[in-house]
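This report introduces a protein structure to a reader who is new to the subject. Please look at the sequence and the structure below before reading on.

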Amino acid sequence: MSMSTVTRTVAGLLLAGLLSGAAAGCGSDRDSGSTAADFASLFKGYGADYTHVDTPAALADESALVVEGRIGKIEKGRTIGAAVDEPGASPTVVVAVTVTRTHRGALPAQAEGKVYVELSAPRGLNIGRYERAAPKHSTVLFYLAPAPPAIDFPVVDPDAGRPAGQPLYQPVSPQGFLIEDNRKVLQILMFTEFEGASLGDFTPDSPRFPHGRHKHGH
């Protein structure tokens with residue numbers, strides 16, 4: 001798949017996820033602890049049209065970058081919409097990932113070992129909620145594509161969430177954001193749990209994705 005096709009695919013994924021999240025509205029759950037499941041709960045309401053793939057290799061073929069690492073600082077990202085307070089405007093957060101291993105592609109120039117990943121924030125929660133819930137002790141795996149620029153849709157503060165000059169990425173699919181935590185792996189945006197699995201089961205050289213179980217209530 002060409003990079004232009006990947007970018008168009010991710011643009012559609014972003015907008016579909018953000019619009020479904022905007023419809024879900026804000027939540028009022030209590031603050032949660034820093035586990036993968038707690039972090040995943042902050043993305044309730046996210047949904048997107050995408051093509052499901054059966055193997056990590058197929059997902060890697062759609063990705064510009066596949067990295068392992070740790071979650072660092074989480075910042076408020078750009079807002080999809082003409083104004084922050086516009087009805088239907090959809091916020092995002094940007095996760096700084098300190099990369100410990102690159103499985104596919106190369107880090108951007110002057111990246112200093114980090115990539116910046118934009119995620120839909122469908123419930124409009126305060127950025128502190130994401131910071132407190134993020135399992136920063138756990139290893140994450142991202143299948144990434146460049147985030148689409150604000151060409152076909154309005155964006156507020158397009159450079160938010162990352163140092164000047166650093167590119168912005170997004171998961172190429174909801175299948176492409178995983179966290180290993182407490183002897184299992186959680187697919188965050190799909191809220192699917194893989195008991196007894198490790199991230200090694202999801203890297204590009206793994207023959208197939210393990211069988212998972214969708215967590216109810218997501």
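## The nonpolar cores

The model discussed here is predicted. Its largest nonpolar core holds 32 residues, and F39, V115, Y130 and I188 are the members that touch the most others. Several elements each give at least two residues to this core: helices α2 (36-41) and α4 (127-133), together with strands β1 (65-80), β2, β3 (114-120), β4 (139-146) and β7 (177-180). In soluble globular proteins, nonpolar side chains tend to be buried together.

Which residues does Y130 contact, once its neighbours within four places in sequence are left aside? Y130 is in contact with F39, L42, F43, I74, V93, A121 and L125. There is also a second, separate core, which has 15 residues and includes V53, A60, L141 and V185.

## The overall arrangement

The protein chain contains 4 helices and 10 strands. Read from the N terminus, the order is α-α-α-β-β-β-α-β-β-β-β-β-β-β. Among contacts in the protein chain with a separation of 6 or more, 76% join residues that are 24 or more positions apart.

The protein chain has 218 residues, of which 49% are buried. The exposed area of the protein chain is about 9800 Å², and carbon and sulfur atoms supply 50% of that area.

## Strand pairing around β7

Strand β7 can be followed through two pairings. With β4, β7 pairs in the antiparallel sense over 4 bridges. In β7, F177 is the residue that stands opposite F142.

Strand β7 is also joined to strand β8 (residues 184-187), through 3 bridges, and these two strands run antiparallel. Here L178 stands opposite Q187 in β8. Together β7 and β8 form a hairpin with 3 residues between them, and N182 in the turn has a positive phi of about 55°. In a regular strand the side chains alternate between the two faces of the sheet.

## Salt bridges

How many salt bridges does a search of the whole structure find? The search finds 5 salt bridges. One of them joins the side chains of R104 and D61, with an N to O distance of 3.7 Å. R104 lies in strand β2 (residues 90-104) and D61 in helix α3 (residues 56-61), so this salt bridge ties together parts that are 43 residues apart in sequence. R104 is partly exposed, at a relative accessible area of 32%, and D61 is likewise partly exposed, at 48% relative accessibility.

Another salt bridge is formed by E193 and R213, whose closest N and O atoms are 3.0 Å apart. This pair links distant parts of the chain, for E193 belongs to strand β9 (residues 192-195) and R213 to strand β10 (residues 213-214), 20 residues apart. Is E193 buried or exposed? E193 counts as buried, because its relative accessibility is 6% and the cut-off for a buried residue is under 20%. R213, with a relative accessible area of 44%, is partly exposed.

A further salt bridge brings together the side chains of D159 and R162, at 4.0 Å from N to O. D159 has 57% relative accessibility and therefore counts as exposed, the cut-off being over 50%.

Methods:
Residues numbered from 1 in each chain as written. Predicted model: local features only at pLDDT ≥ 70, side-chain atom pairs only at ≥ 80, totals over all residues. Heavy atoms only, no water. Buried < 20%, exposed > 50% of the residue type's maximum accessible area, 1.4 Å probe, protein only. Contact = heavy atoms within 4.5 Å. Areas by Shrake-Rupley, 256 points an atom, 1.4 Å probe, with all protein chains shown as cover. Core = buried A, V, L, I, M, F, W, Y, C linked by side-chain atoms within 4.5 Å. Pairing = 2+ DSSP bridges.
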